[in-house]
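Biologist: I am new to this structure and would love a close look at one part of it, the places where charged side chains pair up. Could you walk me through them, and then show me what lies around them?

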Amino acid sequence: MPPLTSRRAPSRLDESLETVRGIGPHVQAKLQKLGLNTVEDALYHLPHRYEDRRQLQPIARLRPGRQEVFYGEVLAAGETHTSRKRRRLYEVIVGDRSAQISLKWFRYRKDWLQKRFPVGQKAVFIGEVKSYGALREVHHPDAELLSADSTMEQLFKSDPLNFGRILPVYPLTEGLSQKQFRKIWYQLVEQNAPALPSILPREILSRHNLVPLATAIQASHWPPNNASLTELEQGRDHWRQSLVFDEFFFLELGLALKRQGVQLEQGISFNVEHRYTIPLNKMLPFRLTDAQRRVLGDIKQDMMQPHPMNRLLQGDVGSGKTLVALMASLIAIENGYQVALVAPTEILAEQHFLTFELWMEKLGLKTALLQGSMTAKARKEALLSIAAGEIHLIIGTHAVLQEGVKFHRLGLGIIDEQHRFGVRQRGTLKHKGQNPDILVMTATPIPRTLSLTLYGDLSVSVIDQMPPGRKAIETKLFRENRRLDAYSLIKDELKKGRQAYVVYPLVEDSEKSDLQAATAAAKQLAAEVFPRNTVGLLHGRMKSVEKEQIMSAFRDGQIDILVATTVIEVGVDVPNASVMLIEHADRFGLAQLHQLRGRVGRGAEQSYCLLIPSQQYSEDAGKRLQVMVSTNDGFRIAEADLEIRGPGEFLGTRQAGLPDFRVANLLRDVRLLEVARQEAFNYARQTDYLTDNKSREVREELLARWGGRLELAAIG
């Protein structure tokens, strides 16, 4: 496959904004705060809503909850107080022939408002209408003052940029007004949008009734008067949809080429002789589920191919991904290759090491643990053994990806909890061997929209079945005043011989105080609440040896209640633990709550997750807690998390390698994403795509947008 190396030529779209008329050094500094540096950046800085100024509404017809534009004359004005007389405010009553409405300012300069709004002043007002019973009011409205003798018709004619049309409202920073910004942006768009080339192939534009980029950009900034305000507000208008499609198409084309590049690369064709997998199967105290066997089949098929495997393995907490990963590892090992498993935290790496070493030792194979906290001597010895090929399976944190780690013959790389790693870490692991197979695992269910953008170059397998005999975990929400009821439920479980977790949040900014809270709680629970039970404490600042001692004691039943920070979020498996109490549950994200809950319910008994939020918490936190109570379905939880937090926060954009979309919205535009993906993958299947002169512009545009992020120049 020839490399993708051509680049598009510089154009005026790449010019700095300081070259644009009306943008001086002061305004340019403000624009840089918005991340706007070039003309192209500016063209894609689209309105986040619109105001309908095609005609003014009579005051009687103003609708509560809507941003409205209306004309009125000041009838009365002055300072007053809120109903409880706690707060001063400035109130202006304005009216037209149809009705009156109250305008209120809570932060104001009295002399300025008195001068601006004397009785008899006419103006056009813009603001959100609020309703309090029969009373309607607008807080801190914008206003365009009219001279005493001017008419509405004259205003519309004298200021056609701000009246008589649908107006864009932009996301701004302090020191920029909408009126000033519109004036600059109108000229900028008019002069530069025509320079935007439409690179999408004509047949695709025509098939989906899309408009060229220049038209789409111009109309998104300054919609024609016959546009539907509802469609504009919802991002469903013809122009914005064209921009979204364009953005999705090039991302998905990059992902299609990555996958195609992987398929054309020479990889390792493994033979599957079951030298170790059949003996392991016989040793296991349980049978693999149908879902595990199906997924293993997918992985075996991939590993037998002559090109590298690139597969994402999704499975809810407790579904048995680890065992599937071990089976895949044994296929590579029986072919004389090494396996590297990378985990995001030391405790998870340790847990994997203990689980894998147990079985590997029985099969006569060697496992090593690599982590940042090793002594220099232990690390040196481990690295020499790995380089000599004496170690079959290497498990560790980011330490595995460091330059000093040399493999004798790496055949399979496994990344666990992929959402904690960037896209590039996958590439780093891949370059540790000669195109090794890559298996990516996550217990955080990824909604389909994110899956298509984050892992569009991977094949996906889902373990959608839990081991038999598991009961759904019952989740209960207890306010602070019902804390004793939560303790009572824990005591009932302890009497049955079960064990419990009590989890405290650990936020970096307040790590010390949170640690103190967990430590103090462990003492208080042991002394006052559960004096007849053994209470242990586990937190991230403990040394590895201490953590393992505590976990072993808990696993062996020597500790009844384990008070822990979120170090137990992943990888801890104690089937006898049947109840978890999560303190300050509102401070956790949904994915984290779901991961924590998965630490119980690992045996055959009914298990419980008890949520105690802080005394006061946000509306979003309340939504998260309700989702947890209502469902155990990881994919439903992931969808809800995405809806509540939005894509960027859902995974942590930087860590996850989530694309920075300028126009597209993954929640709103999922249908377009599917269509654009189909078109992009079809386009990439053209045998002459990388050499045909007709596709040159598409190749150049793809490299300009995504070359660095997707490492596309390396395809070849």
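Modeller: Let's start with Asp290 and Arg293, whose side chains meet in a salt bridge at 2.6 Å from N to O. This is a predicted model, so please read each value as computed from it. Asp290 and Arg293 both belong to helix H11 (residues 290-304), where they are three residues apart, about one turn of the helix. Arg293 has a relative accessibility of 35%, so it counts as partly exposed. Side chains of opposite charge can pair when their charged atoms come close. The structure holds 25 salt bridges, and a few others are worth a visit.

One of them joins Arg677 and Glu252, with 2.7 Å between the closest N and O atoms. Arg677 sits in helix H25 (residues 670-684) and Glu252 in helix H9, so this pair ties together parts that are 425 residues apart in sequence. Are these two residues buried or exposed? Both Arg677 and Glu252 are buried.

Another salt bridge links Arg668 to Asp669, the closest N and O atoms lying 2.9 Å apart. Here the two partners differ in their surroundings: Arg668, at 32% relative accessibility, counts as partly exposed, whereas Asp669 is buried, with a relative accessible area of 3%. There is also a network, in which salt bridges that share partners join Arg49, Glu51 and Arg53.

Asp669 leads us on to Phe248, because the two are in contact. Leaving aside neighbours within four places in sequence, Phe248 also touches Phe661, Ala664, Leu666, Leu672, Leu673 and Ala676. Phe248 is among the residues with the most contacts inside the largest nonpolar core, which has 91 residues; Ile23, Leu31, Leu43, Trp185, Phe249 and Leu253 are the others listed there. Helix H9 (residues 238-264), the helix of Glu252, gives the most to this core, with 12 residues. Apart from this core lies another, of 43 residues, including Ile331, Leu341, Ala343 and Phe356.

Helix H12 (residues 321-334) has 14 residues and reaches 20 Å from its first C-alpha to its last, close to the 20 Å expected at 1.5 Å a residue. Of its 14 residues, 13 are buried, so H12 is largely enclosed by the rest of the structure. Just after H12, Gly336 takes a positive phi of about 85 degrees.

Now back to the stretch around the network. Strand S1 (residues 49-52) runs antiparallel to S8, and four bridges join them. Asp52 stands opposite Ile166 in S8. In a regular strand the side chains alternate between the two faces of the sheet. Strand S8 (residues 166-169) is covered on both faces: Ile166 and Pro168 on one side, and Leu167 and Val169 on the other, are all buried.

Last comes an open sheet of six strands, in the order S16-S21-S20-S17-S19-S18, with parallel pairing. Strands S16 (474-477) and S18 (535-538) stand at the edges with a single partner strand each, so one side of each is left without a neighbour in the sheet. Neighbouring strands are turned by 20 degrees against each other on average, direction ignored. Within this sheet, five bridges pair S17 (residues 499-503) with S20 (residues 577-583), and Val503 has Ile582 as its bridge partner in S20. Helix H19 (residues 544-555) lies across S17, S18, strand S19 (561-564) and S20, running at about 145 degrees to S18.

Notes. Residues are numbered from 1 along each chain as its sequence is written. This is a predicted model: local features need pLDDT of at least 70, side-chain atom pairs count only at pLDDT 80 or more; totals for chains, interfaces and linings use all residues. Side-chain values use heavy atoms; hydrogens and water are left out. A nonpolar core is a set of buried Ala, Val, Leu, Ile, Met, Phe, Trp, Tyr and Cys residues joined through side-chain atoms within 4.5 Å. Buried means under 20% relative accessible area, exposed over 50%, partly exposed in between (1.4 Å probe, protein chains only). Helices (H or I, at least four residues) and strands (E, at least two) are DSSP runs, numbered from the N terminus. Contact means heavy atoms within 4.5 Å. The expected span of a helix is 1.5 Å times one less than its number of residues. Two strands pair if DSSP finds at least two bridges between them. Axes are lines fitted to C-alpha atoms, for helices over the stretch in contact, and angles run from 0 to 180 degrees between N-to-C directions. A salt bridge is a side-chain nitrogen of Lys or Arg within 4 Å of a carboxyl oxygen of Asp or Glu.
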